[in-house]
Amino acid sequence: MSTKITILWVIAVVLVTAIAILISLPFFMHKPAELEEYKNKIPMQKTEVGERIKLPEPGYTGNTSVEAALSKRRSIRDYSGENLTLDEVSQLLWAAQGITAPWGGRTAPSAGALYPLELYVVVGDVEGIDKGVYKYSQEEHELEKVKEDDIRAELADAAVGQECVSDAAIDIVFTAVYERTTRKYGERGIRYVHIEAGHAAQNVYLQAVSLDIGTVVIGAFMDDRVKELVNAGEQENPLYIMPVERKR
Ligand SMILES: Cc1cc2nc3c(=O)[nH]c(=O)nc-3n(C[C@H](O)[C@H](O)[C@H](O)COP(=O)(O)O)c2cc1C
């Protein structure tokens, strides 16, 4: 009889403990709002205009062959809403215009090695850096902040309302200083500069495939407005916008 009572007591204690654990479980779990708050607390490097950010060293080997990247390359305009990492941003910029030779040779060819292209990154959702517009310095593989605030929506308006521009985690804006090339090649230099933008953009496309990220080249936009939005210099002319983010 007393053994039966002991067993019943043990069962009761186990049951009460299990119910107590089940009831208290939600208090130990993160609620969606708390998760959002946590996401906003991901270490963020607050940068002022004029400050520079050293980019992580890019990778020089990958698991995707050139042939696989070429077969899979596609223009992607639907994105997942996830952040990009600073490593990914570093890799994409290096692919576009990174320095690969001691004399300054880059990933993309350039007529007369005169390098007319400049790159801006409109940052929306990147782990580790705050929103704003940054200019890429290939010499130091650094970003320099040139503007505060998230301008993706305004950039999308300037690109005749193309939503992929405001949806993407970043937009890479390609500008070019024609004079760097026309000084040597005259009018023909304009053609060379446009061809070079194509080389650099294709590098970004292929790198994006290798990182399993989506991108597209955008050529439809209002030049003056894009120039103003990224604080481009007087001599710079915008040629391409490339929204980049993980695919949906
Ligand atoms: C010079 C140029 C300008 C482009 N402009 C736009 C654009 O403004 N918006 C857009 O969604 N796609 C644009 N595209 C991407 C093309 O629509 C895309 O490359 C084409 O549909 C073929 O698809 P694929 O890149 O997936 O092979 C442009 C492509 C090039 C080469």
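## Notes on a predicted model

1. Let me start with Ala 113. Ala 113 is exposed, because only 11 other C-beta atoms lie within 10 Å and the exposed class takes in residues with 12 or fewer. Its place is in the loop between helix 4 (86-97) and strand 2. Though Ala 113 is not a glycine, its phi is positive, at about 50°. Please keep in mind that this is a predicted model.

2. Other positive phi values are worth a look on your screen. Asp 149, also a residue other than glycine, has phi near 75°. Asp 149 sits in the loop between strand 4 and helix 5 (152-158), and with 10 other C-beta atoms within 10 Å it counts as exposed. His 141 has a positive phi near 50° in the hairpin of strand 3 and strand 4, where four residues lie between the strands. Just after helix 8, Asp 212 has a positive phi of about 60°.

3. Now for the overall layout. The protein chain holds nine helices and seven strands. Of its 248 residues, 36% are buried. Taking contacts between residues at least 6 apart in sequence, 73% join residues at least 24 apart.

4. Helix 4, which comes before the loop of Ala 113, is largely enclosed by the rest of the structure, since 10 of its 12 residues are buried. The buried residues are Glu 88, Val 89, Ser 90, Gln 91, Leu 92, Leu 93, Trp 94, Ala 95, Ala 96 and Gln 97. What covers them? The cover includes strand 2, strand 3, strand 5 (170-177), helix 8, strand 6 (213-215) and strand 7. From its first C-alpha to its last, helix 4 reaches 17 Å, close to the 16 Å expected at 1.5 Å a residue.

5. Helix 8 (residues 188-210) passes the span check as well: its 23 residues should span 33 Å at 1.5 Å a residue, and its end C-alpha atoms are 34 Å apart, which agrees. Its buried residues include Gly 189, Tyr 192, Val 193, Glu 196 and Ala 197. Further along helix 8, Ala 200, Ala 201, Val 204, Tyr 205, Gln 207, Ala 208 and Val 209 are among the buried residues too.

6. Which residues have the most contacts inside the largest nonpolar core? They are Val 121 and Ile 172, in a core of 59 residues. Helix 8 supplies the largest share of this core, nine residues. With its neighbours within four places in sequence left aside, Ile 172 is in contact with Leu 92, Ala 96, Leu 119, Val 121, Val 204, Met 242 and Val 244. Two of these partners, Leu 92 and Ala 96, are among the buried residues of helix 4, while Val 204 is a buried residue of helix 8. As general background, nonpolar side chains in soluble globular proteins tend to be buried together.

7. Strand 3 (residues 132-137) is largely enclosed by the rest of the structure, because five of its six residues are buried. Strand 3 pairs with strand 2 (residues 117-123) in the antiparallel sense over four bridges, and Tyr 120 stands opposite Lys 135 in strand 3. Strand 3 also runs antiparallel to strand 4 (residues 142-147), joined by five bridges. Here the bridge partner of Val 133 is Lys 147, in strand 4.

8. The ligand shell may interest you most. Around the ligand are Arg 74, Ser 75, Arg 77, Gln 162, Val 216, Val 217, Ile 218, Gly 219 and Ala 220. By class, the shell has four nonpolar, three polar and two charged residues.

9. Is Ala 232 buried or exposed? With 22 other C-beta atoms within 10 Å, Ala 232 is buried, although it lies in a loop, between helix 9 (223-229) and strand 7 (236-246). Leaving aside its neighbours within four places in sequence, Ala 232 is in contact with Thr 175, Lys 227 and Pro 238. Ala 232 and Ala 176 are 56 residues apart in sequence, yet their C-alpha atoms are 9.8 Å apart in space.

10. A last pair to check is Glu 67 and Leu 206, which are 139 residues apart along the chain with C-alpha atoms separated by 9.9 Å. Glu 67 has its place in helix 3 (residues 66-72). With 8 other C-beta atoms within 10 Å, Glu 67 is exposed.

Notes. Residues numbered from 1 in each chain as written. Predicted model: local features only at pLDDT ≥ 70, side-chain atom pairs only at ≥ 80, totals over all residues. Helix = DSSP H or I, 4+ residues; strand = E, 2+ residues; numbered from the N terminus. Expected span 1.5 Å × (residues − 1). Buried ≥ 20, exposed ≤ 12 C-beta atoms within 10 Å, placed from the backbone. Pairing = 2+ DSSP bridges. Near = placed C-beta within 6 Å. Nonpolar A, V, L, I, M, F, W, Y, C, P; charged D, E, K, R; others polar. Core = buried A, V, L, I, M, F, W, Y, C linked by C-beta atoms within 7 Å. Contact = placed C-beta atoms within 7 Å.
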